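User: Please take a close look at one part of this model, namely the pairing at the edge of a sheet. Then set that part beside other places where the backbone and its packing can be described in the same detail.

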Amino acid sequence: MAAQETSQSAIFRHAFGNVLSFTVLLLIGVMAFSIRLFSVIKYESVIHEFDPYFNYRVTQFLTKSGVYDFWNWFDDRTWYPLGRVIGGTVYPGLTLTAGTLWRILNSINIPLSVETVCVFTAPVFSAFASWATYLLTKEIKGAGAGLTAAALLAMVPSYISRSVAGSYDNEAVAIFALIFTFYLYIKTLNTGSLFYATLNAIAYFYMVCSWGGYTFIINLIPMHVLLCIVTGRYSPRLYIAYAPLVVLGTLLAALVPVVGFNAVMTSEHFASFLVFIIIHVVALVYYIKGILTPQMFKVAVTLVVSVGMVLCFAVLAVLIALVASSPTKGWSGRSLSLLDPTYASKYIPIIASVSEHQPPTWPSYFMDINVLAFLVPAGIIACFLPLSDASSFAVLYIVTSVYFSGVMVRLMLVLAPAACIMSGIALSEAFDVFTRSIKFHLVGTTQNPQENAGDATKVTQNDVKSEKSEDTVKERSSRKSKKKDKENIEKPSLVSRVEKRLLVLPLETSVMAVFLVVLLGAFYVVHCVWAAAEAYSAPSIVLTSRSHDGLHVFDDFREAYAWLSHNTEVDDKVASWWDYGYQTTAMANRTVIVDNNTWNNTHIATVGTALSSPEKAAWDIFNSLDVKYVLVVFGGLVGYPSDDINKFLWMVRIGGGVFPHIKEPDYLRDGQYRIDSQATPTMLNCLMYKLSYYRFVETDGRGYDKVRNTEIGKKHFKLNHFEEVFTTHHWMVRIYKLKSPRNRIRGKTKRSKSKSGTSKRSTRKKNPWQ
Amino acid sequence: MKRLHSDLSLLFVLGFFTLFSNVCSDLVISKLDRQIDLSSQIVRFTTSLKVENNGAEAVSKVLLPYPESQAKNLAFLSVTITEGKGKTKTSSDRLYVDVSHPEGMPPSLTWYAVSLPKEVSKGGSLTLEVKAVFTHLLTPFPEKITQADAQLVAFQDSAHYLSPYAVKIQSLTVKLPEPKVESYTRLENTKFSGSEIKYGPYENIPPFSLPTIVVHFVSNKPFSVAQELVREIEISHWGNVQVTENYNLVHAGAELKGEFSRLDYQARPHVRGASALSSLVARLPARAHSIYYRDEIGNISTSNVYSDSAKTLLEIEPRYPMFGGWRTAFTIGYGLPLQDFLFKSEGKRFLDITFGCPMNDIVIENLIVKVVLPEGSNDISVVAPFSIKETRETKLSHLDIAGRPVIVLEKTNVVPEHNQNFQVYYRFSSFSLLREPLMLVFGFFLFFIACIAYVHADFTISKSSPSYIAKLQWDEVQTAIQQFQNIMNRVLVIHNKLEASLRDLSRTGDVQACKAARKTADAFLKELTKESKPLLSFLQSSPQALQITPKVDELVIKERELQEKLMLKHSMVVDSYEKKSGGRDIDNRVAAVQQKITLLRQEVDDLLEVIDEI
C-alpha cells in the first residue's frame, strides 16, 4: 500500500535524522574536548593557575585517604597556626567527580595518574555541557536550534577560558551542572513528569556540590515561576517542576557540608521559599476556582485577599526584622557585591583585589562571546514569537546573566551558555527560513507538498509536546522580524507568491544571506580557535615569550617550589602573599600562612602588614607566626607584570584595614604609587621593597625595573634580619630565610634603628604581634 | 674525626697481622703497581700485581684483603690476568672472586679470594690486574662551605699495599682532579708533580705494612649521588621498550652554608658555585624516542637531545643548580625500538639491556630495576653478570586481567662499571598479543548488542498501568495522524496536477489530455478517500486523539469543499474550451470559484500546519 510505503520512508527519514543528529552531537563533543587540548599540546599536561592546584591537592588526598577522611580533613598545612577544615569549607563536587573517575578508571585497570584525570576533567565535562546545551535548547526551540547551540557552546571562548585541559576548577563541572539542571527544569515544565522533577533535584544537588554559583539557579527558577504565574501561565506542570525542586533540592543542598544550614538561613535562598508559598497559594486559588461558581469565587477572593494581606505583612515584617538584625543583612559579601557593584570596593578590599571580581570591559565581551553578542537580540526576538514557558525561561536567563556578567568578569561564564542558546536559536531560525526559501525556489511549486511532508517529519522529530497552539501566524511573523536582524536584506517581496504559506525570500537574497551567516559562523570559529590556542591556554605557572632567537621559557615558579619541596624541612612555614598559597601547599608541600581561600581577613592583613612593615617589625611578625621562609614574586628583571610590587598596594590596603598603623598614603607620593627615587621612605624601607630589590642594582648597575620602567629608588642596602636562600633563574621568585635571633648583633640593629628615623620606631610600637 | 678513629684501629690490627703473616706466605708479590684515581667522587683503584709462587704447593687462590672502611664502600671489583706488556698486553676474562674468611684473621678486614683459572705451580708467576671501585671514600673537609669556597675533600689510604703477602717492589700513584692540593702526607720517595702524587717505589715491604697517607685536595666536581633510582623497563610486543627512570638525587659534597645568591652564581658560575651540579648527561641507546624529562610537578624545560647513529645524548639540567646538600627528584623516560633489545633463542625470547643508569659520574646507592614483561609471559629467568637480589611482583596496567609479571632486581652501590647488559629470558606466545584488542572488540560488540537489545525491549514494569496504555495509544494516534497527513499531502499533489493540466490546456488547447488528467485524478482521489476512511474512524474512536479530531474533521470537510470547487473550476474551464470561449471570458467565469479555491487552499494549509505542530 502506498500509505504504508510513505510512512515507511518517513520512519527511515526519522531514523536518519536521529542518527545524523547523534553523529553531529558526538562530533560536537569531540570538538569541545579537543579544542581544549591546546594547552597540553602547546605547553604540557599540567594543572593551571592557583585554585586548580588546591583542587588537585584535595583530589590527591581524596584518592589516597578515601571519602570519609576527606569529609573530616583538617588541613594543618595552610592558615598556620589556624588550619582549615577542608571537608567543611570546600565545594566537593569537582573533587568527588574526578576522584570517582580516577577510581573507576583504576578499577578497570587503566592506571592513569590523579594528575592526568584532573587535567582532563574539564574538557570531558565541557563535552557534557555542550550535550546538555543541546538538550536544553531542544526543549526550548527544537533540535536544529539545539545542535547549533551545542556547537556554539562547545567553543565559546568564555567557557574555554575556564575549562582548558589543566584548568581543574569548579566552574568546569559547574557549568555542565547548571545547564543540565536548567534542562531538567524545562523538561519537567514541558512534560509535567515527576520523574524529571526528581532528576532535576538531583542535578541541582550536584550543582550545589560543585559551585557557589548554585544560588543563581535557586534564584532564577523562582523568578521564572513567578513570571509564569504573573503572566497567567500557571499550570500543574509548573507546580510539578517547581515544588519538588524546592523541597528535595533544599534538603539535598543542606547535605553538602559547606552549605549546610545556609540552605535555609541565608537570604540567597529566601526567594525560592517565598515563591514556594506563592505557587501554593496560586495552586489553591486555581483549585478553588475549579470547584466554585464564578460568583462564589469572587466573594472568596475578597475574603482571602484581605486576610492574606494581613498575614503576609506580618510574616514579611518578621522576616525583615530577622534579616536586618544580622550585620550583612543575611547576604554574603560576594552576593552583595553582585547586587551592589560598588559594595566590594567600598567594604571588602580582599574581594575587590581579585581581578576576576572586577566589572568587565566592553572588549572582554567581544573577546569572550564574540559574534554571539550580536546574535543574542535576534535570539531573544525568536524566543518571544511564540512565547512558551520554555522560551520565556531562556529570555529570563539571558537577561539576568547579562546583568551579572556586567558586575563581575567571572560571571561572564554564566552568560556564555545563555548567549549560546540564544544565538543557536537565532542562527537555526535564520537557516530555517533561508534554506526553505532556497529549497522552494529550486524544487519548484509542484514538489511543494512533498516538501511539506519533509517538514512534517522534521517537526515530529523534536518531542516538544507543549501546546504551541494558535502560534502559526505569529511564528511566521517571527521569521519576518528575524530577517530584519540579518544585514543587507531588503524588504522581501512576500506578496509575490500569495499561494504559499511559506515565507519565501528571493533566491539570490537567501543564498547571499546563507553565505553571510556561514561567514559569520566561520569568523566565530576562527576567533574561538585563536582564543583557545593563544589567549586561554597558558597555564600561568610556566610562561613563555617568543623572541627573535626562539621560544624562551620562564619556569621560575616551579623552580622555586621544587627547591622548597626538596631543600627545606617538611614542617617549615613559608610566608608569601595569599596568591601563592595554594601553589605552595600543592607543589612545594610546605605549610603556608595564608592562601587563596581568603577566609580569614585578619590573617591576611597580618601578612600584608608584615610585608609592608620595615624589616625588624616584619621579622617580629613573621617570627611570631613561626615563619621560616618568606617568598616574594618579583618581575622587575624580566618584566613580569603581575608581581608582588604591583600587588603591593592591596597588601597595604588589606593590612591597613585591620591594623590602622599601616596607612596607604604613607606609601604614595602625591597619590602616586612609585618605587623610584621619588618614593616615600616608608615605601623604600618596607619589607616587600627590600626583598624584591635586594642586590637588584648589581645586575645592570643602575637597578632598572622593567615592569615599572624606572630606576629603583633605594639601590644599595643590606638585609639584617633576612638572608637570601634562593632566587630563581629569572629572579621571578625570591626566597628569604629569617635569620635566627642569636645571629643578630646588638649594635648593628641599634644603628639601623637610629638611621631609619622616627617613623620606623613608631610603627614598631604598633606591631600587632607584640 | 671518625677518620682518625679508623686510622688508630688500622694501626692496632697491624700488630696482629705480623703474627699471622706466615699463613699465606707461600706467595710473593714481586712487582706491584697501584694507581688511585681521585678525579671524581668515584674512587678507582687499579692495581697490577705480579704474583710468584715460592712455596712447595701449587696455589689456586689469591687473597685480596680490604680494610672494613673501604670494603663497605666497595662497589665493583674485577680481577683479570694480563699477559705481555705495553701494546701486546692482553687480559683474560674476569676471574671469579668470592668473599672468604681465612682462619685467624680479625674481622676488621674483608677478604676476597680470587680463584685462578689454572693453578700457579712452584716457581711460576702471573700478573693480575685488580680493578676496585669505591664510593663515598672522599670526605668533604670542611663539611660546610659557602657559595664562594672551593670544595675540599680528604682521602686517606696507606702508602703500602695492604697484602697478606710480602711485596718486593711497589709504587703508588694518586691522580687528582686538579693540581691544587691543600696538603698531603710526605713519606720518603714522595713526589708531587702536576696533578699526580707518587709514592715509592718501596722495596721489600713485609705483609700488612700500612703507613697512612692523607691527601687533602680541591675537587670541584659535584658529588651527585642518587639515593634511589628506580628503572622500569616495560616491554610491549607491539614494538616498544619503554624505560622510565626515577631519580632521587642529592649533592653529597660539602654542604652549602649561608646565602645562595643567584646574582653571584650568574655572574661568575665557575667561582661562585664551582662545585654546583648544573647539568647531567645521559647516554641513551641509539634510536631512543619519545624522551621526556619531568618531575612530580610537571615538565622540566631545561634539557637537550643530541642524537646520532650510535647514541642519543640527553643533556638535562635540574630545575635549580644543586649545591652541596641540596636534593632533587626527577624522572626521565624514553622509548626504544623493540627489535634492538629483544631477541629469540631456542623458542624463548630474551631482553638484553643495560643494567645501570645511563649517566656517568653518578653513584647510585640503591638501584631497583623492574622489568615488566607482557601479560601471559612465563618461564622467566634472569642472567646477570654480577649478583643481584631478585624478587617478583605483578603489575596491573592497561586492560590487564591477571597482571604483568615484573622482575625486580635490586643492587646497592652501583657505579658506571655496572653498566653491563643483563638478560631476561621468558616465553610469550604471539597469540597473547591479540588478546587485548580482541577483548576491546568483543567489549564494544557486547555494548552495541546491549544497546540494540535495550532499544527493542520494553522495560515497562506494569503493562496495564493507565499511563503506559495512554502512551501506546498516543503512539498509534501519532502514526495514524502521520499517515493521514501523507494522504492529505498526496491529495494536494493531485490538486496541483489538476491545476497544472488546466495550465497546459490554456497553453496547448488539448482538451482530451486535460480530460484524461481529470479522470486519473478522480480515480486517485477516490482511492485516497477510501484509504483515509479507516484512519479517520480510528482517530474518532481513540480517546487520545480527542483534541486533534475536531481539527482533522475540519480539515477533511475543507478539503472536500476544496476538491469540489476545484472540480467545478476544472469542468467549467474544460467546458468553455470545448465551447471555444475566449480567454477573458473563461477568467471571468472562473474568477469567483478561483477566489474560493485560494481561500480554501490557505485554510487547508493552515490546518495541516496546526496538525503538524501537534
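Analyst: In this predicted model, B:Thr139 stands opposite B:Ala154, a residue of β11(B). That position belongs to the antiparallel pairing of β9(B) with strand β11 (residues 152-158) of chain B, which extends over two bridges. Both strands are part of an open sheet of four strands in chain B, ordered β9-β11-β16-β13 and paired in the antiparallel sense. Because β9 (139-140) and β13 (181-184) of chain B stand at the edges with a single partner strand each, one side of each has no neighbour in the sheet.

The backbone that follows β9(B) has a further feature. The peptide bond between B:Phe141 and B:Pro142 is cis, with omega about 5°, and B:Pro142 is placed in the loop between β9 and β10 (144-145) of chain B. Chain A offers another case: the bond from A:Tyr80 to A:Pro81 is cis, with omega near 0°, and A:Pro81 sits in the loop between β1 (74-75) and β2 (84-85) of chain A. A further loop of chain B, between β20 (280-285) and β21 (289-295), contains B:Arg287; this residue is not glycine, yet its phi is positive, near 65°.

Antiparallel pairing recurs elsewhere in chain B. Strand β23 (residues 303-307) and strand β24 (residues 311-316) of chain B are joined by five bridges in the antiparallel sense, and a hairpin of three residues leads from β23(B) to β24(B). Within this pair, B:Ser307 stands opposite B:Thr312 of β24(B).

A sheet of chain A shows mixed pairing: it is open, has five strands and runs in the order β6-β5-β7-β13-β12. Its edge strands, β6 (591-592) and β12 (722-727) of chain A, each pair on one side only. Inside the sheet, strand β5 (residues 573-575) and strand β7 (residues 627-633) of chain A pair in the parallel sense over three bridges, and A:Ala575 has A:Val630 of β7(A) as its bridge partner. Helix α27 (residues 556-567) of chain A packs on this sheet and touches β5, β7, β12 and β13 (733-738) of chain A, its direction making about 25° with that of β13(A). For this region, the unreviewed UniProt entry places the feature "domain: STT3/PglB/AglB core" at residues 571-630 of chain A. That span is 50% helix and 15% strand, and its end C-alpha atoms lie 14 Å apart.

Helix packing can be described in both chains. In chain B, helix α6 (residues 511-541) and helix α7 (residues 549-578) pack at an angle of about 170°, with their axes 12 Å apart; α6(B) and α7(B) are therefore roughly antiparallel. The residues of this contact comprise ten nonpolar, six polar and six charged.

In chain A, the axes of helix α7 (residues 114-141) and helix α10 (residues 170-191) come within 8 Å and cross at roughly 20°, so α7(A) is roughly parallel to α10(A). The crossing of α7(A) past α10(A) is left-handed. Among the residues that meet there are A:Phe125 and A:Phe128 of α7(A), and A:Phe176 and A:Phe180 of α10(A). By class, this contact has 15 nonpolar, three polar and two charged residues.

Technical notes. Residues are numbered from 1 along each chain as its sequence is written. Chains are lettered from A and ligands numbered from 1 in the order in which they are written. This is a predicted model: local features need pLDDT of at least 70, side-chain atom pairs count only at pLDDT 80 or more; totals for chains, interfaces and linings use all residues. Side-chain values use heavy atoms; hydrogens and water are left out. UniProt positions are given in the numbering used here, feature names are shortened, and annotations may be inferred rather than shown by experiment. Axes are lines fitted to C-alpha atoms, for helices over the stretch in contact, and angles run from 0 to 180 degrees between N-to-C directions. Angles under 35 degrees count as roughly parallel, over 145 as roughly antiparallel, 65 to 115 as roughly perpendicular and the rest as oblique. Ala, Val, Leu, Ile, Met, Phe, Trp, Tyr, Cys and Pro count as nonpolar, Asp, Glu, Lys and Arg as charged, and the others, Gly among them, as polar. Two strands pair if DSSP finds at least two bridges between them. A crossing is left-handed if the near helix is turned anticlockwise from the far one by less than a right angle, and right-handed if clockwise. Contact means heavy atoms within 4.5 Å.
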